Every structure is written in C-alpha cells, then in structure tokens.
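Let's take a walk through this structure together, one piece at a time. Have the sequence and the 3D view open as you read.

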Amino acid sequence: MKKILSLALTLALILSLVSFASVEEEKKVLNWFIGGEVTTLDTTKTYDTISGEAVFYFADTLYRLDQNADPIPNLAVALPEISEDGLTVTVTIRDDAYYANGEKILAEDVVYAVQRIYDPEVASQKTTIAPIKNATQVRAGEVAVEELGIQALSDTVIEITLEAADPYIVKKLSDTGFSPVSKAFVAEKGENYALSSDALLGSGPFYIDGWTGTELSWKYIKNPYYWDKDNVYFDEINVLIVKDANTFLNLYEAGQLDGVSLTSDFVPLYEGDEALVDVPTLRMTNLELGINSVEVNPDYPHNYLQNINIRKALLYGIDREELVRDVLNGTAAPTVGIIPNGIAASPTGESVAESFGNLTYFDLEAAQNYFKTGLEELGVEGITLRLVTSDTDESIKIGTYLQSAYQTNLPGLTIDLANVPSSVRFDEMMAYQFDLALGGWTGEYDPTSYPNQFETSYAHNHGQWKSEELTELINKLNFEDGTDYEARWEHLRQANQYLIDNAIVVPLEQAVKSYLINPKLKNYITLSLGYSSFDLTRAYFEE
Amino acid sequence: MNRWIPYIAKRLFYMALTLFIIITATFFLMNFLPGTPFNNQDRLSASQLEMLNKKYGFDQPLFSRYLNYLGNILHGDFGISLQFSDQKITTLLGQRMGPSIQLGLQAVLFGTVVGVFLGMIAAMHQNRGLDVFCSLFAITGRSVPNFVVAVLLQYLFAITLKWLPIGLWDEGFRSTILPTLALSISPMAESCRFIRTEMVEVLSSDYIELARAKGMSEIRIAFSHGLRNALIPLITVLGPMTVSLMTGSLVVENIFAVPGIGEQFTKSILSNDYYTIMAVTILFSALLVTVIFLTDILYQLIDPRVRVEGQA
C-alpha cells in the first residue's frame, strides 16, 4: 500500500512539475536593455534618460505619447480640461486603477508625487517640468509644499494651477514626474524608499523585481491589477545593463537580447538591416562661444569672439553634413538652427526645419570673407582659439574634426584642442572664461529651453551674451504667449533667428540614437520627447 | 612567541597611521576636484544647487565635514553615493565586491599555479625549446593587455565554440571562467618569469649539485629544494597583485558584464562622488596594508634569514 501511495505521489509530483514547466514555457518574455547604470528609480527624482527609461515600465503616466508625439489618455480618462486663460488644468483619472499591491490609485497620489519633486526635504534633482504655481518658492523653502499649485478635488480629479499658460502642458503631463506615488507606501518604507525593488510600488503595467539598488540586471513583472492588463502582452521584461558595446552586440547576435543600442562605430555594419531602428533625439551638440570672457575677467588674453565677423566665420565655416556622415557615421543629423527638429510643430503642422528654414548651412566663401574682415577689424594676421571638450570618445572625435576643418577652412585660425574630464570643462564654462567649448542641450517638451540658454540672467549662459531683445522674446514665450500659439511660434522663430544672426552659438548636430531591435517586436513606440526612448508597455511579438 | 606581540602591535599601529594619513589626504585633495558631485549640474538652478548642498552637508566648512566624516566611519557609516541616488556606500560596495573578490582570487590562484608550473619547466629545461616557449609566453602575457585577451577568449569560447556564456553573472561558476582566465594572464606571466629566474639560480647552486651527486631525481630536486626556495620572492609580488585583482578590473568586468567594483574606482572620481571615492580608497588601502603585513609575517615564518628583532 505504502509503495502504491509513494508511487502515486511521485507521479503527481512529476505531473505537476510537467504542467508547471509548460506554464513556464508559455510565459511571454522580452529581453531588453538599459543604457547604463541607473541613478535613481524614484520617479520624483529621475532626471536622466537612463533612469527615465527604467521607471517607465512600472510608473503609469497620465497620458502616453503616440508615435507622432500626440498625447493619448492613459491613467487619465480624457484629455485635460484647460481654462480659457490656460492657467487651470483639470485632469480626471480612472476609477479602476490599482497599484501592484492592489491598493487603489487616487488623485491625491499624483498630487503627492508632484509635491515631492519640489519639496526641499526630498531635494530632487529633477528640473522644473511645468510652470506650476509656487514651484520656485516651494523649492526655495519660502512657502509650504501644500501651497504648490496642484490639488486633488476628489479621489479622481486633479487641479493644476499654472503660473503662466503652457501650450505643451498636455505633453508634459505624460512625464513620469506626474506618475502617482502612494504616500502611505513612502511613509512605510521611510529612508529606504526607492532604494530597492521591495521599496518600490508599481503603478504601471509592470512592477519591478530583483533590483537591489546596484544590480546590472533585473525584471519587470506584469502587474496583475493593472487597469489595461489585457493589452499588456509580456509577462516579464528582463533588462540588462551592458557597458561594453561589443558584448552588447554579441548578446543580441546570440539571441539573448531582443534589442541593443548601437554606438556609431557599429552602425555602418547594419546599414539596410531591418533590425536597425533610428530614434531622433532632442540632444543638440553645439560649439559654445566664450564671447564675453574678457568682460568677466579683464585679464583674459583676448577679445576675439566679441567680433561678430569671427563668430560668423565659425558659424558658416563648418560642413555639418560631413561631420555627421564621416565622423558620426550617420548617428546624428545636421542642425537647422538652435532649436532641434521634432520638438514641436508650427501652428500649421510644419516641422522646425520647414517652418524656420535651415539657418546653419555651410558656406565656405562667406565664412572666409567674414574671417578676413574679422582679422582686419582686430588688426591681427591670425588668431589662436582654445577648444575645450570632454574626454569621451565622441567629444574627442568631434573636437579633432572641428580643429582640422576650421584650420583648413579658415586660414589664419589655429585651434588648440584640450580634451579634459567633463567636470573640468564644465567648471571652465561656468566660470564664463573660455574660448570655445563643445557643449550641448537636451530639452524635454518645450522648445523655449533652447533659446533660454543664452538669456542674460540664465546661470548657464556660458558666453555671457547680454541682450534685452532676447530677454524680451523669452519673457513673451514664457509668460505671455501661452494661449496664443501663433504668436508663440513667431516669437520662437524670432529668437532662433536672432541667435543665428548674431552668431551667439554654433549649432553642430542633433543626435540620433541607433538600435537593433528584434524585427518580430511590434507596437512599440519610439519617443523623442521626455526621458524615455521607448514605450514598450503595449509591445508584442508577432507570432 | 612573546617576542611577536610588540612587533605585531607596532605594525598594527603603523597600519592604522597609514590609513589615517591616506584618509586625510584623500578627503582634502578630492575637494579640490573641479565640478559638483551632482550628475546634472549643467541644468540645476542656483537655488536647487543650494538646496542640494544643504541636504548633503556640503555647505559646511571643509574641516567640520572632515571631522564629521571621521566620526561617521568610526561608526561604520561610510555615507551615501550621490551617483546612485542615496544608496548607502556599504550596500553599494557590499553588493559589488563579491564578484570582484571571487574573480580576483580565482585569477591569482589559477594564474600562480600555472605560472609556477611553467616557470619550473622553463628552469629545468634552461635554454631549450620548452624554456623559450615559456619565456615567450611570459613576455607576451605581460605585454598584452588583459582586455585584448578577454575579447579573444570571448570570441573563441563564447561566440565561436559556444562553450561558455558571452558574459553576465547568472550561470554560477561557468560565468566566472572567462573573466578569470583573462585576469589570470598577468599573475601567470609574472610568476612564470619569477620562478624561472629564481630556480635557474637555485638549481645551479652548490647544495643542488650535492643533491644531484647523492643521486636525487631531478623532479625531487626541483620540488623539494628548487621550488621551495624560489617561492619566497614570489610572495612579495603576489600580495599587492592579489589586492589589485580583488578590487576589480574596469575593462574585463565591462566586457563580461560582471557586476563588480572595478568601475566604481574610476567612475566615482570622474563624477566627484565624494563618499564613494573615500570608501574605495579606504577599501583598497586597507586591503593593501593588510596584505603587506601578512606578507611580512609570512616571510618571517618561512625565511630563516629574516627574523623579528631580538629573535635568534
């Protein structure tokens, strides 16, 4: 009898194992990547694209952006109601949304999340995402966090009060900064909140598992309580941080990853491959000009860059097509002005390039004439400028190209190249004492941040260009044009034109990220706006 | 035995003093690094920067920060990493040190055993084919950087032959084989070279001739007389090498996607992650002074020529 019983038990065990194994087999798994070490997974603190991408799986957003970057309701039931003056934005969230622990998501959780961004106690490094009322004062500790212009009117209704109307507010509401955070959960975890997956609560299609704070691989597991779980295909997304581009590629080639990011060296190898996917970014690389270094420090050795003809020679004397093609292997696009293509569309739906035209073209003859005139005005035969770049591979490549191209194109110009650690470069720029520096800017949703870099009072106005005209335009953009999109677009055009006409900066290239993605993967969205390059939440494998 | 106590106490005191000097010098020097420890310094507003400095105590005078830091580390609090949003340094290093230490020890062990063996063969066949081969191997091993070896090993054993994983840390011992091999090239070449030189000298000495005359076999001579004497100088080199391998290799760890500590050594400095810089410096120095101390003790135990003062 005992034998029969043990036999039956063994059989049952084997059967259950077999059935378990078959369930395991059915599990739909995506093997994906994260571009580098994550700095934080606290959605109220993320400020870089890597962390932005890593939180995107488990943080539900009020809106999602579609492939055309148009917002579609997600946690919110519909597009927000915006008052006529544009200052009050009312968002209603779903009544059937739950965290991964089964707890209901409430409007007050979104309010709490946004308060955390500005709360000086939390000390978030996230930059201001929207002109929310009292944001600056709350951050400075001048008024209480409850005074921030966001409140819950009920369990599902959120009211946001803005300081100025913002035409991009709906897109900005797709940021994970507006993802709900449970106050009770944060209180329960205390100091350890967001330091490991156990101390993180998923509100989105997945929750995070197996992240201990410093892991190089972890999982996102489907949230069984997610309101739209029927449209979430994957049961698990395994992610991996691989720092060596070659290893990354080997893992993809071996079928262990369904997607990898490519460095520019590898892109030519996959030209024409159906797996190659290019995602334009909003990252602008610029040659910054230390125009007024001599005003900041009277002992500064020269004032060459105060001469507009010298600056214009630098602006028109570089062939951006060649830079992008030969140096960056096509992982970038030549700039058209100081505002990147793709960040916003004109009132009639035109792109930045179509609407503003290409202002940063290569004109060797004009550049040489400008340079000659400049030298005459300065009363010198030739000039030497020091170009400071970071010591990353790409910066060194671009720096070397600029040195050789400028010295060839503009006889009489010598470029001394200094490749230094990025903190050293940054220190020189922030001291406002440098000749040329390879810098750049990545905006998120609003094109105004690009001309704003050169506004007189802005702390990171490295060239210290002072202009009332530009300040006036920026003020109109930030505070007056919120409800008049046509006027706003016109002022943006004027700011762009102004900066180019005065050659305040030399825009070089707009980065494009290249990826290899398993061609079977469908329905994913590539994003240029915001912090994540992909929305994989509704992606699936074509059978 | 009693004579050892004052010696060890003196050595321990000097170790503590060395560490204290290193901590102090590093703490003050790193504050002269340009830039801030905040990753996105290029977009922080002045008020935000002020708020962050206040939160992390960087608004305090340098000397009081130094005293605070000393107090904290005596309580085992090494601070938080500013690159890994507020993770405790002890957690960060604790999680990342395991793989690095494992790889380092495996590499030293494997590299030394093979290297000693090759060195012995070379010495026993001095100026013949095998010697030339071993010496060539030692020179190549010392000249070729380990990341080149790593990429070659990965290509051969993981991609072409598919015997071992390309990288990652998820297949237990199998995951450690290729990185260990890549890292072991240097200790292998080093010990091969050392043992060969030492043994050639030992094997030509009078007492070995006597052993030969007494009819002792070459193998026995090599092991019981030659190797024993030739190993002593190797200990001096092995100690620091073990420490440097245990504290991780940036490139090899990156190539095999090993979650080790190698990168923290360079990245923390480049990103002004103050407390991580301090912690990795303390870790490295503490390991190094300990290993030097142990080497000295070991030396005294095995080499009769070196003795603690006062000992016969």
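A good place to start is where the two chains meet, keeping in mind that this is a predicted model. Here 37 residues of chain B are in contact with 34 residues of chain A. Which helices of chain B each supply at least two residues of the side that touches chain A? They are helix 2 (46-55), helix 4 (89-124), helix 6 (146-160) and helix 10 (250-255). Helix 2 of chain B gives the most to this side, with 6 residues. As for chemical character, the side of chain B that touches chain A has 17 nonpolar, 15 polar and 5 charged residues.

Stay with chain B for a moment and follow helix 4, one of the helices that touch chain A. Helix 4 of chain B also meets helix 7 (residues 173-203) of chain B: their axes come within 5 Å and cross at roughly 35°. The crossing of helix 4 of chain B with helix 7 of chain B is right-handed. In the contact of these two helices of chain B you will find 21 nonpolar, 11 polar and 3 charged residues.

Now turn to chain A, which is divided into domain 1 (29-258 + 518-541) and domain 2 (282-512). Taken over C-alpha atoms, the centres of domain 1 of chain A and domain 2 of chain A are 33 Å apart. Their contact draws on 12 residues from domain 1 of chain A and 11 residues from domain 2 of chain A. On the side of domain 1 of chain A that touches domain 2 of chain A, the residues comprise 5 nonpolar, 3 polar and 4 charged.

Key: Residues numbered from 1 in each chain as written. Chains lettered and ligands numbered in written order. Predicted model: local features only at pLDDT ≥ 70, side-chain atom pairs only at ≥ 80, totals over all residues. Domains from an automatic or database assignment. Contact = placed C-beta atoms within 7 Å. Nonpolar A, V, L, I, M, F, W, Y, C, P; charged D, E, K, R; others polar. Helix = DSSP H or I, 4+ residues; strand = E, 2+ residues; numbered from the N terminus. Axes fitted to C-alpha atoms, helices over the stretch in contact; angles between N-to-C directions. Left-handed = near helix turned anticlockwise from the far one by under 90°.
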